[in-house]
Amino acid sequence: MHTALTIDDVRLTPVLIADPPLLNTQGVHQPYTPRLIVEVVTHGGVTGVGETYGDAKYLELAHPLAEALPGRSITDVNGLFGLAEQVCGDSRAAEDSVDAGGLRGVQTADKLRLSVVSGFEVACLDALGKTLGLPVHALLGGKVRDAVDYSAYLFYRWAEHPAGGEKDDWGAALDPAGIVAQARRLADAYGFGSFKLKGGVLEPDREIAAIRALADAFPGRPLRLDPNGAWSVETSLYVAGQLGGVLEYLEDPAGGTDRMAEVSAGTDVPLATNMCVTTFAEIAEAFARDAVQVVLCDHHYWGGLHRTRELAAVCRAFGVGLSMHSNTHLGISLAAMTHVAATVPNLDYACDSHYPWQTEDVITRRHEFRDGRLAVSDAPGLGVELDHGRLAALHRRWLDDDGSMRERDDAAAMRRSDPGWTTPATPRW
Ligand code: GKR
Ligand code: MG
């Protein structure tokens, strides 16, 4: 029987969004990054929106799930997981290898599927909230704060992409002065009070110098450094020794639970991760060995907003801190991040967000950070409206692409300017 909550239709729209030349240990962001916009349309005439990764390996799983959804209820978000297992199969891309583009730890079939499910879960929750006249945070049990803190996400970067891409006026940031200038501009524009530097790009001593320069420029402000597992245990301990007392936490200095546990045993600097604890299966060993003191949640690859809250509960039980990870994303995901963050009492740190680097969006009103925070929307659903014109334009870019941008591949993007570049073996230093 069809009710107002029954799903009538699901629309999937892959888009390419502009991304500046931000550097990380694997390479550089490509001029355009794929994202997938999910629209779930109910029998009651309400449309809910969600967003997730848009590379082919995700689209391949999203299509069968979208086809299987009509006739089901938007309230049945738990059922999405079993359904996805039944209908999606395993992505051909799933293998136990390091994720080339996302720097999000090992890529498994489960993680790919959960990343797809999360886009649908958010769309269902948005539709349910709109139907009931309730914000998404209310569907998750209610907000425990009215605003969510975000940190400034600093990147070494080039002034522009070597060929093509949109231009911006940020200029290059390749030394401590450039990083401090970038931090200053982000702090002035958005009021951010804490800073995370994406490391693993330059030699560790140069990144230490950048953190010291930030500490001088912003005394007492929380600082984080994240080289995405680019360092050996020895290098990690050296950096931790140099920056003890300066860093709020050191994020994924070394790759994998074994190395993180060794680093952890040798330093008092808290270690954070979005690489060695990325699934529930990875928690037990990492926590038992005290390999990490902070986990960065990410509703995309943890499987949605409810699963993010489950992760938060596990962290709370084990006395492990919780922060939030971000990758290139649009305003739909930022809304989802803010709703779930608003409901988690033990979100102990300001969340990461790439959003200030994204100048394009598919929503009618972009989010605005004030005093480094986003107000939690009390409007029905996520509190965002799709801008169909912008969505069509960014989809057109995806359609017109020759295929070179449809997979995020930071190493391939680097090869366009440095043909000899190969993804560095880890540890790199
Ligand atoms: O976008 O370059 C980047 C980041 O390095 C991103 O891919 C990571 O997943 O931001 C992420 C992180 O905290 O590791
Ligand atoms: Mg990280």
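Where is the place of Pro427? In this predicted model, Pro427 belongs to the segment that follows helix H14 (410-415). The peptide bond leading from Thr426 into Pro427 is cis, and its omega is near -5°. A second backbone feature concerns Asn228, which is not a glycine but has a positive phi of about 50°. Asn228 sits in the loop that runs between S11 and helix H7 (233-243). As background to both features, most residues other than glycine have a negative phi, and most peptide bonds are trans.

Strand S11 also takes part in the metal site. The magnesium ion (ligand 2) has as its protein donors Asp226 (OD), Glu251 (OE) and Asn274 (OD1), which lie 1.9 to 2.2 Å from the ion. Along the chain, the donors of the magnesium ion (ligand 2) are spaced as D-x24-E-x22-N. Asp226 is part of strand S11 (residues 223-226), whereas Asn274 is in the loop between strand S13 (271-273) and helix H9 (283-288); the pair therefore ties together parts that are 48 residues apart in sequence.

Helix packing was examined for H11 and H12. Two packed helices are described by the angle between their axes and the distance between the axes. For helix H11 (residues 305-318) and H12, the axes come within 10 Å and cross at roughly 35°. The crossing of these two helices, H11 and H12, is right-handed. On the H11 side the contact is made by Leu305, Thr308 and Arg309, and on the H12 side by Ala336, Val340 and Thr343. Sorted by class, the contact of H11 with H12 comprises 3 nonpolar, 2 polar and 1 charged residues.

Helix H12 contributes to the largest pocket as well. Rolling a probe the size of a water molecule over the atoms shows where empty space is left. The volume of the largest pocket is about 500 Å³. Its lining consists of 21 residues, and those nearest the centre of the pocket are Arg365, Arg366, His367, Glu368 and Ala375. Two or more residues of the lining are given by helix H12 (331-343) and by strand S16 (373-375). H12 supplies the largest share of the lining, with 4 residues. The class composition of the lining is 8 nonpolar, 6 polar and 7 charged residues. H12 is thus named both in the contact with H11 and in the lining of the largest pocket.

Methods. Residues are numbered from 1 along each chain as its sequence is written. Chains are lettered from A and ligands numbered from 1 in the order in which they are written. This is a predicted model: local features need pLDDT of at least 70, side-chain atom pairs count only at pLDDT 80 or more; totals for chains, interfaces and linings use all residues. Side-chain values use heavy atoms; hydrogens and water are left out. On a 1 Å grid over the protein atoms alone, a cavity is a set of points where a 1.4 Å probe fits but cannot get out, and a pocket is an open set with protein on both sides within 12 Å along at least five of seven lines; lining residues have an atom within 4 Å of a point. Grid points are joined across faces, edges and corners, and a volume is the space filled by probe spheres set on the points. Ala, Val, Leu, Ile, Met, Phe, Trp, Tyr, Cys and Pro count as nonpolar, Asp, Glu, Lys and Arg as charged, and the others, Gly among them, as polar. Axes are lines fitted to C-alpha atoms, for helices over the stretch in contact, and angles run from 0 to 180 degrees between N-to-C directions. A crossing is left-handed if the near helix is turned anticlockwise from the far one by less than a right angle, and right-handed if clockwise. Contact means heavy atoms within 4.5 Å. Donors are N, O and S atoms within 2.8 Å of the metal (3.2 Å for Na, K and Ca); water is not among the atoms, so sites may look incomplete.
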